[in-house]
Amino acid sequence: MTDSDELPWNSMSIKLPAEAFVSGGFFDEQLRFAARVGRGALRVTAKSSEPWLSIVPQSFAVAAGGIMDADVVVDVSAARRMVEGGRPPLGELHIEFTQQNSAGVRVEQTASVSVHLPVAVCPSCKKVLHIPSHLGAKPPTVCMHCFERLRPCPQCGVLNTWRVRTCLVSPNHIIRASEDWVTLGGNSSHTGIADVPLGAGALIWQYPVTLHTNPLRRLQWSSVITAFGVVYAASTPGDGEHLLHAFDVESGTPVWEPYVLPAPVHPDRGGVCVVGDLIVAGLVSGSVVAVDAIRGTRRWMVDIGGSVYGSVIPLNNEAVAVPVADGIHTGRLVVLTTDGGRIRYEVPMSGRPECTPAAHNNVVVVHDDTGGVLAINASTGATLWYTQLADSFDAAPVVNDGIVYCGGHDGILRALVLETGEVIWQSPVLGGAITGTPSIADSVLAVPTVEGLCLVSRETGQPVQRTSRGPVRAQPIVAPDGFLFAGKDARLHRLAAGMAVDDVYDAGGGGPQVSVPMAYADGNVYVATTRGVLHALRMTGVL
Ligand SMILES: [Zn+2]
Ligand SMILES: [Zn+2]
């Protein structure tokens with residue numbers, strides 16, 4: 001043990017009993033300081049973070065070998081007022097102390113004692129939630145006033161909403177490390193980058209647990225996303241209820257009853273997205289629905305006409321872009337406000353948008369089925385450029401560093417300047433149609449083609465590595481050590497630079513494919529197959 005591990009007092013945290021909080025007045029508890037023999041005098045100065053919390057005395061010295069009891073005092077009425085006024089139910093005593101280390105040198109150290117009040121404050125509606133005093137009582141997991149889902153900070157215990165990544169007490173308290181995967185490829189640029197270990201995948205849960213006996217009733221999934229520790233995806237059995245699901249990322253337990261959609265999200269190219277506290281779904285019927293991500297309740301629904309095939313994407317917290325196909329030869333890019341789903345603007349298109357748009361640096365890029373690419377200013381809807389590139393697209397555009405990459409059904413991958421549409425290079429050497437959305441690593445693009453995954457230099461457009469396991473349709477995930485991609489036989493493969501392909505998981509051989517993009521959260525990958533099953537896999541570092 002080092003000197004700093006051995007703090008010269010007896011408790012690191014004090015919990016105020018529920019009875020003391022109810023009865024009011026003053027509560028006190030002693031903190032015992034002991035100066036070790038042979039380390040000279042212990043000098044202590046303590047400061048409180050909250051006006052309701054104090055320590056008496058605040059500054060003192062203890063002779064070597066001696067002890068000293070200090071009183072930690074809580075002014076309960078003041079604490080109650082502060083908490084009801086919105087302060088977290090936590091106080092801290094910051095203690096500075098000096099004593100000699102084992103080498104006989106006086107060193108100054110600091111440490112904190114936390115004082116927890118037996119209440120929690122809902123960070124959403126700010127109402128005080130009492131924690132019962134019986135043994136083992138835990139803070140509530142749902143606010144009984146506004147039904148916000150709550151989880152305690154792993155560092156200080158204060159309740160936070162499921163939606164935040166850092167604690168309301170301090171941004172240094174990390175509640176969730178993983179970034180949210182809010183749309184195809186994780187973000188509206190569709191980069192597909194995840195901090196996922198590239199080893200074997202172990203099944204942690206699946207939905208449904210058993211396959212429907214009638215193959216026609218099996219679920220067709222849309223693109224999977226993750227946020228706040230929840231997996232979201234829409235499913236349709238073709239002839240039954242079209243559902244929006246929300247599963248706990250670790251257990252697979254539904255977070256709310258599936259939300260019944262009036263029409264399907266396109267099962268192949270479509271997907272839902274997360275914007276703020278909303279899940280937004282564009283439906284093939286031309287409706288757009290926004291559902292409260294935490295409660296599973298409807299916030300708004302608008303009918304914008306036409307059909308939505310690709311996924312709705314977030315532009316920022318205030319707006320989403322919706323690709324709308326009208327009739328046989330035309331379409332629109334519609335931008336809706338997240339507050340109420342009002343149309344902010346719509347841009348007519350000279351072809352049907354059948355894939356998900358991309359957005360980056362205030363530019364929205366969208367493919368149409370005539371092979372055209374349209375770029376607009378995301379704030380105003382003004383057209384920046386339009387260019388005819390391919391015969392059609394099965395892939396969404398992807399954007400990084402001011403460059404947009406467009407993978408055509410004609411098998412040609414093109415890199416364009418995002419601001420101007422000027423073609424930087426085109427790569428016609430991939431061997432067959434580009435069948436899914438590419439993902440973007442530092443120096444290469446991972447391109448799904450009809451022959452297999454192909455890695456292409458971002459600088460030159462030249463292929464640098466290829467696989468030959470047959471068509472890849474789902475967007476690959478870029479991991480720190482390589483790529484995770486799904487083959488035609490529902491197997492997940494890994495591809496590391498300069499190595500042959502390895503299998504990391506078999507989602508059930510014999511026919512099913514992975515055709516919708518995968519999602520990532522906290523070391524897990526979520527994969528839906530054409531056999532109708534959503535698989536949650538814990539990825540390990542070893543094969
Ligand atoms: Zn609340
Ligand atoms: Zn905290």
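This passage describes the domains, selected sheets and nonpolar cores of a predicted model.

Residues are numbered from 1 along each chain as its sequence is written, and chains are lettered from A, with ligands numbered from 1, in the order in which they are written. Because the model is predicted, local features need pLDDT of at least 70 and side-chain atom pairs count only at pLDDT 80 or more, while totals for chains, interfaces and linings use all residues.

The protein is divided into domain 1 (1–118), domain 2 (119–175) and domain 3 (184–541), with bounds that come from an automatic or database domain assignment. The C-alpha centres of domain 1 and domain 3 lie 53 Å apart.

One open sheet has 4 strands in the order β23-β24-β25-β26, and the pairing is antiparallel; strands here are DSSP runs (E, at least two residues), numbered from the N terminus, and two of them pair if DSSP finds at least two bridges between them. At the edges stand β23 (313–316) and β26 (343–349), each of which pairs on one side only, and the twist averages 25° from one strand to the next, where axes are lines fitted to C-alpha atoms and angles run from 0 to 180 degrees between N-to-C directions. Strand β23 is joined to β24 (residues 319–326) by 3 bridges, and P314 stands opposite V320 in β24. Between β24 and β25 there are 8 bridges, with V320 opposite L336 in β25; these two strands form a hairpin with 3 residues between them, and G327 in the turn has a positive phi of about 55°. Strand β25 (residues 330–337) is mostly covered, since 6 of its 8 residues are buried, a residue being called buried if 20 or more other C-beta atoms lie within 10 Å of its own, exposed if 12 or fewer, and partly exposed in between, with C-beta atoms placed from the backbone. The pairing of β25 with β26 rests on 6 bridges, and in their hairpin, which has 5 residues between the strands, G340 takes a positive phi near 95°.

V320 also appears in the description of the largest nonpolar core, which has 127 residues and in which V224, V280, A281 and V320 have the most contacts; such a core is a set of buried Ala, Val, Leu, Ile, Met, Phe, Trp, Tyr and Cys residues joined through C-beta atoms within 7 Å. Strand β24 gives the most to this core, with 6 residues. Apart from this core lies another, of 35 residues, among them F21, W52, A79 and F97.

A281, in β20, stands opposite V272, which belongs to strand β19 (residues 272–275), a strand covered on both faces, with V272 and V274 buried on one side and C273 and V275 buried on the other. Strands β19 and β20 (residues 278–282) pair in the antiparallel sense over 4 bridges, and their hairpin has 2 residues between the strands, with G276 in the turn at a positive phi of about 55°.

A further open sheet of 4 strands follows the order β39-β40-β41-β42, again with antiparallel pairing. Strands β39 (477–479) and β42 (502–506) each have a single partner strand, so one side of each is left without a neighbour in the sheet. Within this sheet, β40 (residues 482–486) and β41 (residues 491–495) pair over 4 bridges, and F485 stands opposite H493 in β41.
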